[in-house]
Amino acid sequence: MSQNISLTRYLVEQQRVDGLIPSQLRLLIEVVARACKGISHAVNKGALGGVLGTADSENVQGEIQKKLDIIANEVLIEANEWGGHLAAMASEEMEEIHAVPNGYPQGEYLLLFDPLDGSSNIDVNVSIGTIFSVLKKPPSDAAVVEQDFFQPGKNQVAAGYCLYGPQTTLVLTVGNGVAMFTLDREQGSFFLTQENVQIPADTQEFAINMSNMRHWDTPVKNYIDDCLQGTEGPRGKDFNMRWIASMVTDVHRILTRGGIFLYPWDKREPGKPGKLRLMYEANPMGWLVEQAGGAASTGTQRILDIVPQKLHERVSVVLGSKNEVEKVGSYFSKL
Ligand SMILES: O=P(O)(O)OC[C@H]1O[C@](O)(COP(=O)(O)O)[C@@H](O)[C@@H]1O
Ligand SMILES: [Mg+2]
Ligand SMILES: [Mg+2]
């Protein structure tokens, strides 16, 4: 670990020394990081910058948008549109894909993002973040279409998030482990602060919204029941619980000290496979977690193997410490 390796230098080394990423991808990641820096400044200003509160609009998911959802989305689009590395973008906040307009420099990558994750925490000054995922546009001379995005998460070529908390932290994988960078506000750059992040295989800490307990499916209910029995129950150990309601922050804790995160399917809206979005949340987080030695599943299937059927597809999510994710899977196979 070194305090003086900037994100730029790290990426150049990944490109030149290790041959892991092409220059176009390196530049794309730098543009995303620059956009996140801009969002971080807006978050920091809070009420002084007029960024708190609700906008008078709904997104494609039927959710009321916060001002910062819209601002973050615009910052990411504006920064990346001119970058020259992209064919198109897709966002949790936009109904349709956003192709790079004709006349702008065109590239071969597809960028997907949740511009502002943890929207319900914006106004209460709790950590939030931006999650992103990069795919390659399938080879074809035809104009980019929505179906080009329908690739399983295992096809991702880069994924990460930027956490706007007490520190602004960028967490990245290009398929070579997970690295963390902290924003130095005085210098205006991200610096490497942790490499080769590893999630412990075992844990005694779970994250789930317990208020949904009565709506859960039997395997999830049985798993949590057993955890709650602590040393006297079948797990033979006490469990702690955390729920921040910003997936980005819950995942950051898991990458830092282990744990398991669950947002499972439940009976409130049985037709929906889950609350979280496959391509903007589950895939990038799932890949980061796997790259750090953890696991990510729906309870019955590896998330990164799912072939999306639609842009805003939702999914049930169980991710974190490997042995614990497998344990949850065993409750599903008992059915
Ligand atoms: O309020 P709930 O149901 O506990 O949901 C919290 C979850 O919803 C999310 O906020 C969804 O993300 P958005 O804020 O991007 O819509 C996750 O970050 C979080 O884990
Ligand atoms: Mg989100
Ligand atoms: Mg969001």
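**Exercise 1. Strand pairing**

Find how strand S3 (residues 86-91) and S5 pair: in the parallel or the antiparallel sense?

*Solution.* Start with the two strands themselves: S3 and S5 pair in the parallel sense, over 5 bridges. For one bridge in detail, take Ala90, whose partner in S5 is Leu112. Keep in mind as you work that this is a predicted model.

Next, place the pair in its sheet. Eight strands, written in the order S4-S3-S5-S6-S7-S8-S9-S10, form an open sheet with mixed pairing. Finish at the edges, where strand S4 (98-99) and strand S10 (189-194) each have a single partner strand, so one side of each is left without a neighbour in the sheet.

**Exercise 2. Two domains and their contact**

Work out where the chain is divided, and which elements of domain 1 touch domain 2.

*Solution.* First, the bounds: domain 1 runs over 7-194 and domain 2 over 205-333. Their C-alpha centres are 24 Å apart. Then count the contact, to which domain 1 gives 35 residues and domain 2 gives 28 residues.

Now look at the side of domain 1 that touches domain 2. The elements giving two or more residues to that side are strand S5 (109-117), strand S6 (128-136), strand S7 (158-164) and strand S8 (168-173). S6 gives the most, with 5 residues. Sorted by class, this side of domain 1 holds 17 nonpolar, 13 polar and 5 charged residues.

As a last step, turn to the record. An unreviewed UniProt entry carries the annotation "domain: Fructose-1-6-bisphosphatase class I N-terminal" for residues 6-195. In the model, that span is 25% helix and 32% strand, and its end C-alpha atoms lie 13 Å apart.

**Exercise 3. Positive phi**

Decide whether Asn125 and Ala245, which both have a positive phi, are buried, partly exposed or exposed.

*Solution.* Begin with the background: most residues other than glycine have a negative phi. Asn125 has a phi near 60° and sits in the loop between S5 and S6. To judge its exposure, count neighbours: a residue is exposed if 12 or fewer other C-beta atoms lie within 10 Å of its own. Asn125 has 11 such atoms, so Asn125 is exposed.

Ala245 has a phi of about 70°. Its place is the loop between strand S12 (240-241) and helix H5 (247-257). With 15 other C-beta atoms within 10 Å, Ala245 is partly exposed.

**Exercise 4. Helix H5**

Find how many of the residues of H5 are buried.

*Solution.* The count is 8 of 11, and H5 is therefore described as mostly covered, given that a residue is buried if 20 or more other C-beta atoms lie within 10 Å of its own. The buried residues include Met247, Val248, Ile254 and Leu255. Asp250 and His252 are also buried. Step just past the end of the helix and you meet Gly258, with a positive phi of about 90°.

**Exercise 5. The whole chain**

Judge how the chain compares with the globule rule for 335 residues.

*Solution.* First list the elements: the chain has 7 helices and 17 strands. Its radius of gyration is 19 Å, close to the 20 Å from the globule rule, so the chain is as compact as a globular protein of that length. The C-alpha trace spans about 65 × 45 × 45 Å along its principal axes.

Then look inside, where buried residues make up 47% of the chain. Finally, among contacts with a separation of 6 or more, 65% join residues 24 or more positions apart.

Methods
Residues numbered from 1 in each chain as written. Chains lettered and ligands numbered in written order. Predicted model: local features only at pLDDT ≥ 70, side-chain atom pairs only at ≥ 80, totals over all residues. Domains from an automatic or database assignment. Contact = placed C-beta atoms within 7 Å. Helix = DSSP H or I, 4+ residues; strand = E, 2+ residues; numbered from the N terminus. Nonpolar A, V, L, I, M, F, W, Y, C, P; charged D, E, K, R; others polar. UniProt positions renumbered as here; feature names shortened; annotations may be inferred. Rg over C-alpha atoms; globule rule 2.2 N^0.38 Å. Pairing = 2+ DSSP bridges.
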